[in-house]
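Colleague: I should like to discuss the charged side chains of this protein. Please show me the model first.

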Amino acid sequence: RTRQDALLKELMGKQYWGQMLAVFAVIVAATVPLLFYLLGMRPSFSPWQRTMAEALGSALPKDAVVMTDQPAAVSWYANRRAIWLLQRESDWELLESMGAAPSATFITPGLNQTPESQVGDWWSWVAAPRGIYRGLAPTGRMPAGSILRVRLPEQSTRELDRLAAATIRNPNPAEAHIRYAAGLLARDHLREALEEFQRASALEPENLDAVLGAWQTVSRLHDPGDVLGMAERILQTAPRGPATPALLQDVLCILAQKLAERPNDPWLLLTAASCEARLGRFDAVRASCQQLEQLAPKALPAGLLLGSLCLQQQLTNEAAAVIEPLASAQPDNVAVQETLGQIRKAQGRWEDALQCFLNAQRLRPNRLRPYLEAGYICLRLHNDAEAVRHFEDGRQLAPHSFSILTGLAEALTLQCKPERAVSIYQQLADDYPTAPTVLNNLAHLLTVTGRDWERAIQVARQAVELSPKSAGVRDTLGWAYYRSGRPAEAVEQLQEATRLEPGLGLLQYHLGKALLAAGRSKEAGAALRVALKSGLPAEEEADARSVLTER
């Protein structure tokens, strides 16, 4: 029996090893071809895909994470980490919240072949050739047909944050949304700008600025070559001379090509109409305006757009001929009153213009522009007290408006209230720390009031750093040095100011006074004589003559 048991164990051992050998043979037979395929073969990509992915590899750092509709091609040929293009935008927000947002996106023409039912709700924005989306901007470094977006360096958002906050607390939210949208548009944040313009339109369907802003944003989104930007710059800067018609005709040819692609693009139509107005082709302008007015009848009553276009092209009489009957027919239309006010300004009819903006204030008390316009017209009419009132009313609507605050400070200065003007300029300097004009005016007023010489010098130095080629800014710093009893430093700055603007009498007068304080009387006399010859205000002229007489 013992012998039988041993024989049985021997037979079972041989069977076990035979089974294991069979399993191993099956594994080898299946694995070797697979390994051969994986090691010796590459995925089947078209030459175009391979070219795109290789170009992508040269454009991105090695640690980049790319969200794309072609992750296999990007991973294989570009040797970059890749993830699928997300279906839902909320998934992107989830990635951001986890600190795992991609550093780039890469979109190929293959995206257009995606069935409509599978198209993501946000793909049109990331595939657009223009605009910053979630901190990613198109690079323009890829061949045609694909869009590469890369993450921009962190930029200051202080001004945008302030405008965004104003949309919540502002008494006129529509206008606050428009100001925020304009700030976003200027920085190429097209999606957010469009959303803000749409919010403004929802609050005020008749608001022309909101409608035009939305049109401009959508057109810019589809304008990778900045054709519209070029056309707008030409319209703003083209001289009124014999070469102008040919230049505008070239612009119209380019716009016609774009309109053939996008025949119902309102901003394209508007830009083309502006060119036609500049050329005096009012039949074409009217046709375009009629088409545009159908798109936004509440914001664009018949004739308003035509009159506005004429005014933009400095065709004042033509604009008046269109808007005056419209103002009579629709006296309660704010946009019409404001346009008529602009026409009266262009005509030099300041009292009539003021009345138009007062009408606009009455019709829309929470709209900023009528207060701003009325304030500056009152300054023009030397009615400083009324100017202060209008600017103060505007300040209630927009406490941080640059235009409102600078107008208010100017009016207070003219009212001989420099202390109040200083406080306004201080607020402006806090809100706009890189605006040399603000810093210069603040330093000047601090010098005039004698409140704080060191503060005046410090602010003036900041202005000089921002605008070193400005004679006026140099003059402010030099005069602050002079008034604080530092004539040598004053002379240095004032000599540079007079070098930049040798024909300004006041600068020569300041230099003469500083030279006199520095003990350089001969040079001082020469500077004062130049100042008198160039022209001086009455008080400075009398002082210069007195100094020269005493010498």
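Modeller: The following questions and answers concern salt bridges in this predicted model.

Colleague: How many salt bridges are there?

Modeller: Side chains of opposite charge can pair when their charged atoms come close. Counting a pair requires a side-chain nitrogen of Lys or Arg within 4 Å of a carboxyl oxygen of Asp or Glu. By this rule the count is 32 salt bridges.

Colleague: Which residue of helix 8 meets Arg191 in a salt bridge, 4 residues apart?

Modeller: Helix 8 spans residues 190-203, and 4 residues make about one turn of the helix. Arg191 counts as buried because its relative accessibility is 17%, under the 20% limit. Its partner is partly exposed at 29%. The N to O distance is 3.4 Å, and the partner is Glu195.

Colleague: Is Glu196, the partner of Arg199 in a salt bridge, buried or exposed?

Modeller: Arg199 and Glu196 are 3 residues apart in helix 8, about one helical turn, and their salt bridge has an N to O distance of 2.5 Å. Arg199 is partly exposed at 40% relative accessibility. Glu196 has a relative accessibility of 8%. Buried means under 20%, so Glu196 is buried.

Colleague: What is the N to O distance between Glu338 and Arg367?

Modeller: This pair links distant parts of the chain, 29 residues apart: Glu338 lies in helix 16, and Arg367 in the loop between helix 17 and helix 18. Glu338 is buried at 5% relative accessibility, and Arg367 is buried at 8%. Their side chains meet in a salt bridge with an N to O distance of 2.7 Å.

Key
Residues are numbered from 1 along each chain as its sequence is written. This is a predicted model: local features need pLDDT of at least 70, side-chain atom pairs count only at pLDDT 80 or more; totals for chains, interfaces and linings use all residues. Side-chain values use heavy atoms; hydrogens and water are left out. Helices (H or I, at least four residues) and strands (E, at least two) are DSSP runs, numbered from the N terminus. Buried means under 20% relative accessible area, exposed over 50%, partly exposed in between (1.4 Å probe, protein chains only).
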